[in-house]
Every structure is written in C-alpha cells, then in structure tokens.
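Here is a short briefing on one protein model. Read it with the structure open.

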Amino acid sequence: MLAPYRKVLAAPGALAFSSAGALARLPMSMVTISIVLLVEAVYGSYALAGQVAAVYTVAQAVCAPQLAKLVDRYGQARVMCPSLVVAMAGLTGVAVAAMLHGPSWLLYPAAAIAGGTVGSMGALVRSRWNTVVEGPSQLHTAYSLESAIDELVFVVGPVLATTLAASLSPVAGLLIAILAAAGGGFWFLAQRATEPTPSGRLTGSDRGSVMRSPGMVIIAVVFIAMGSIFGSIDVSTVAFAEESGAAGLAGVVLGVFALGSLISGLLYGAREFTMAPWKRFVVGIVLLAVGVSLLILVSSLWVLAAAGFVAGFAIAPTIITGNALVQQLVAPSRLTEGLTWVGTSIGVGFAIGSSVTGSVVDLHGGHAGYVVTMAAAGVAALIALSTATVLRRVTTQRRPVG
C-alpha cells in the first residue's frame with residue numbers, strides 16, 4: 001500500500017515541502033477550537049465563541065481566493081510571506097485581547113485580520129505537487145497523501161488544543177497554533193525550487209473568477225454544506241464533553257473522527273478507480289451524510305467516538321475527489337485559486353455550522369447541536385444528488401476555466 005506514496009515522495013523536493021506544509025497546516029485544526037475554548041473560558045458564552053470562530057473562518061473564506069489569485073500571478077513566497085506575518089499578528093491580537101478580558105468586540109477585528117490573511121496552505125502544497133509528479137495516477141496519490149496529512153493534523157490538533165487548554169491555560173492552544181503556522185509556513189515558502197512558476201498578469205477573459213464554471217459552483221456549494229457538518233460537530237462535541245464531565249476528552253473524540261478519515265484516505269490513494277470522479281464524489285457525500293446523521297442517536301462520549309470513527313471514513317475520499325475535479329475544471333495557471341475554493345467553501349460552511357450550533361447549544365445543550373449536524377448532512381446529500389448530471393457533463397467536456 002505504501003509503494004505509491006514512496007514513489008511520489010521520492011520526487012525532488014517533495015518530502016521537504018510536504019513536511020513543511022504539514023506543520024504549517026496544524027493550525028487549521030487548532031485555531032477555531034482554540035478560539036472556542038479560550039473565549040468560552042474567559043467570557044462564558046458558546047455563542048460568542050462560535051461567532052468569533054465564525055468571523056475568522058468567514059474572513060479566510062472571503063479573502064483566501066483573492067490571495068490565491070495573487071499567488072498564481074506573482075508567486076507563493078512573494079505574496080504569502082508578508083501575508084503570513086499579518087495573520088500571525090491578528091491571532092496574537094485575539095489571544096492578548098481575551099487574556100486581558102478586553103471588550104468582546106475587540107475579538108472580532110483581530111479574528112478578521114487573521115482569517116483574511118492566512119490564506120490556504122493546503123492549496124499551496126497541492127499546487128506544488130502538480131509541478132513535481134508525472135501523470136494523473138501519481139497526482140491522485142499525491143492528493144491522497146495531502147488529504148491524509150490533513151486528517152493527521154485533525155487527529156493531533158484538537159487533542160493538542162484541548163489538552164493544552166485544560167492542563168496549562170485556555171490560551172495555550174492558540175499560542176502553539178501561532179508558532180506552528182509561522183514555523184511551518186516560512187519553512188515551506190523558503191523552498192523556492194519547487195514553487196510553481198507564476199503566470200504573470202492576466203489579460204482579457206482570464207481576469208474572471210474560476211467560479212464561472214458551473215462545476216466549480218456545485219463543488220463549492222456542496223463543500224459549504226460539508227463544512228457546516230464539521231463546524232457543528234466541533235462545537236457540539238466540545239459542549240457535549242463538558243456536559244459529560246470530561247471536557248479534556250473533546251479533542252480526543254474529534255481526533256478519532258479524523259483518524260477514520262486518515263485511514264480511508266491512505267487506502268483510497270493507494271489504488272486506482274474505474275468509477276468516474278464525479279460519481280465517486282456524489283457517493284462520498286451521501287455516505288458521509290448517512291454516517292454523521294447517526295450522531296444524534298448517541299448518548300456517551302465513547303459511543304460518539306466510535307460512530308465518528310466510522311463516519312469519518314467518507315471524509316478524506318470525498319475531499320480528495322473534490323480536489324481532483326477542480327484540477328479537471330480549471331486551467332493550470334489558475335490551479336491555486338481553484339483549489340483554494342475547496343478549502344474556503346468548507347471554511348464558510350464551518351462558520352455557519354459553528355455559529356448556528358453555538359446558539360443551539362447555549363439554549364438546549366450539547367447533544368441538541370447534532371440536530372444542526374444532521375440538517376447540514378441532509379442538505380449536502382440533496383445538493384450532490386440533484387446536481388450529479390451537471391457534474392457529469394462539465395467534467396466530461398474537460399474545458400478548463402481560466
């Protein structure tokens with residue numbers, strides 16, 4: 001099973017940039033949960049915590065595609081080095097404002113600055129793979145590897161964030177996330193040999209968004225619903241664990257969700273498939289929706305972890321296939337922008353899910369939050385099924401946008 005992964009990692013520079021990208025992505029599983037833990041601990045409100053986390057993720061979702069356009073045009077290091085400095089300053093602002101128990105409104109602009117400038121490290125890493133591997137088979141393996149790394153990050157990150165918050169300080173998880181983002185990010189950006197060649201200034205119709213493609217719109221909307229599932233699960237699980245008298249186990253439970261996805265992602269990337277990608281994408285969404293809808297039935301943390309582990313098996317393959325569809329739908333010179341829309345769509349959904357669930361949890365308790373999860377899952381499946389024929393048509397035509 002590991003042979004395909006060894007082959008792609010043997011490409012010049014691949015192991016180094018993938019390793020740096022893994023460290024730089026650790027904050028994506030730590031920042032939002034760390035914000036929730038910090039704000040709830042200081043201000044005593046899950047609603048406020050969910051709203052601040054939502055501001056961060058919405059700002060990232062709105063701004064990351066615009067940063068990606070600049071990255072495609074001018075290069076990764078030139079754009080992202082100064083942007084990353086600003087992002088780290090914004091996260092530091094959230095930490096300082098909370099620990100000084102400043103007015104709650106101060107948290108919003110700091111979170112917006114951080115989210116608006118952090119970009120999408122996953123898209124930057126995946127874009128580099130297109131420059132070092134040969135053929136669609138190796139690219140499938142490389143994308144699967146990166147999705148597995150994403151899930152490993154989501155295994156480690158929540159556990160680390162909740163453990164640090166419970167044992168050291170509510171702000172500790174956010175501070176470690178800042179250090180990881182800076183260390184991994186600047187290490188990654190310093191590796192210029194594997195950086196994709198900038199496309200230069202765009203002219204004419206090329207200036208438009210990759211979202212002109214109906215296929216890209218469908219993928220984005222589906223991933224918004226999918227992100228709502230993740231945001232709802234995060235807030236619900238933190239609250240459910242606290243109500244169960246085991247707040248420190250919230251990260252462990254969320255890590256088990258990601259572990260299932262990690263295993264499935266590695267298995268998925270080690271083999272080739274004859275089923276069309278659009279069909280695999282739709283099937284994955286439906287399976288995920290069925291799996292996470294069962295969470296409403298659980299009554300203990302350990303049963304929740306077991307159910308989440310099984311449901312997680314649909315996550316990585318679906319995201320891998322979504323990224324592969326993007327690669328079919330956009331031109332190589334716009335690939336970073338296209339891939340960024342996957343992450344930012346999930347981010348928009350995460351913001352919606354976490355914010356709505358935070359309000360529901362404040363009123364009805366942690367278990368009620370999984371009703372929001374179930375509703376988001378139903379929407380995701382409905383959209384995927386109703387647009388399947390359009391996805392089939394646009395991916396068969398293979399006329400990239402941009």
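## Briefing: core, helices and salt bridges

Leu267 is found in helix H11, residues 250–269. The model is predicted. The points below cover a surface patch, the nonpolar core, several helices, the salt bridges and one backbone angle.

**Surface patch**

- Leu267 counts as partly exposed, because its relative accessibility is 44%.
- Leu267 joins Leu259, Ile263 and Phe313 in a nonpolar surface patch. The patch covers about 300 Å².

**Nonpolar core**

- The largest nonpolar core holds 126 residues. Trp129 and Leu304 have the most contacts inside it.
- Helix H10, residues 214–243, gives this core its largest share, with 16 residues.
- What does Leu304 touch, leaving out residues up to four places away in sequence? Its partners are Thr237, Phe240, Val253, Phe257, Leu295, Val298 and Tyr370.

**Helix H7**

- Helix H7 spans residues 121–132, twelve in number. From first to last C-alpha, H7 reaches 17 Å. That is close to the 16 Å expected at 1.5 Å a residue.
- Ten of the twelve residues of H7 are buried, so the helix is largely enclosed by the rest of the structure.
- The buried residues of H7 include Gly122, Arg126, Arg128 and Trp129. Met121, Ala123, Leu124, Val125, Ser127 and Val132 are also buried.

**Ser18 in helix H2**

- Ser18 lies in helix H2, residues 14–25.
- Ser18 counts as buried because its relative accessibility is 4%, and the cut-off is under 20%.
- Beyond its neighbours within four places in sequence, Ser18 is in contact with Arg25, Trp129, Leu145, Glu146 and Ile149. Trp129 is also one of the core residues with the most contacts.

**Tyr143 in helix H8**

- Tyr143 is found in helix H8, residues 135–167.
- Is Tyr143 buried or exposed? Tyr143 is buried, because its relative accessible area is 2%.
- Not counting residues up to four places away in sequence, Tyr143 touches Arg126 and Asn130. Tyr143 also touches Ile320, Asn323, Ala324, Gln327, Leu335 and Leu339.
- Tyr143 and Gly122 are 21 residues apart along the chain. Their C-alpha atoms are separated by 10.0 Å.

**Salt bridges**

- How many salt bridges are there? The count comes to five.
- The side chains of Glu146 and Arg25 meet in one, at 2.4 Å from N to O. This pair links distant parts of the chain: Glu146 sits in helix H8 and Arg25 in helix H2, 121 residues apart.
- Both ends of that bridge are enclosed. Glu146 is buried, with a relative accessible area of 0%. Arg25 is buried too, with a relative accessible area of 2%.
- The side chains of Asp150 and Arg126 also meet in a salt bridge, at 2.8 Å from N to O. The pair again links distant parts of the chain: Asp150 is in helix H8 and Arg126 in helix H7, 24 residues apart.
- Asp150 counts as buried at 10% relative accessibility. Arg126 is buried, with a relative accessible area of 5%.
- Another salt bridge joins the side chains of Arg192 and Glu195, at 2.8 Å from N to O. Arg192 counts as exposed at 55% relative accessibility, whereas Glu195 counts as buried at 14%.
- Which residues form one network? Salt bridges that share partners join Arg25, Arg126, Glu146 and Asp150.

**Helix H5 and His101**

- Helix H5 covers residues 76–99, 24 in number. At 1.5 Å a residue, H5 should span 34 Å. Its end C-alpha atoms are 34 Å apart, so the length agrees.
- H5 is followed by His101. His101 lies in the loop between H5 and helix H6 (107–118).
- What is phi at His101? Phi is near 55°, a positive value in a residue other than glycine.
- Most residues other than glycine have a negative phi.

Technical notes. Residues numbered from 1 in each chain as written. Predicted model: local features only at pLDDT ≥ 70, side-chain atom pairs only at ≥ 80, totals over all residues. Heavy atoms only, no water. Core = buried A, V, L, I, M, F, W, Y, C linked by side-chain atoms within 4.5 Å. Buried < 20%, exposed > 50% of the residue type's maximum accessible area, 1.4 Å probe, protein only. Helix = DSSP H or I, 4+ residues; strand = E, 2+ residues; numbered from the N terminus. Contact = heavy atoms within 4.5 Å. Patch = residues over 30% accessible without salt bridge, like charges linked within 9 Å, V, L, I, M, F, W, Y side chains within 5 Å. Areas by Shrake-Rupley, 256 points an atom, 1.4 Å probe, with all protein chains shown as cover. Salt bridge = Lys/Arg side-chain N within 4 Å of Asp/Glu carboxyl O. Expected span 1.5 Å × (residues − 1).
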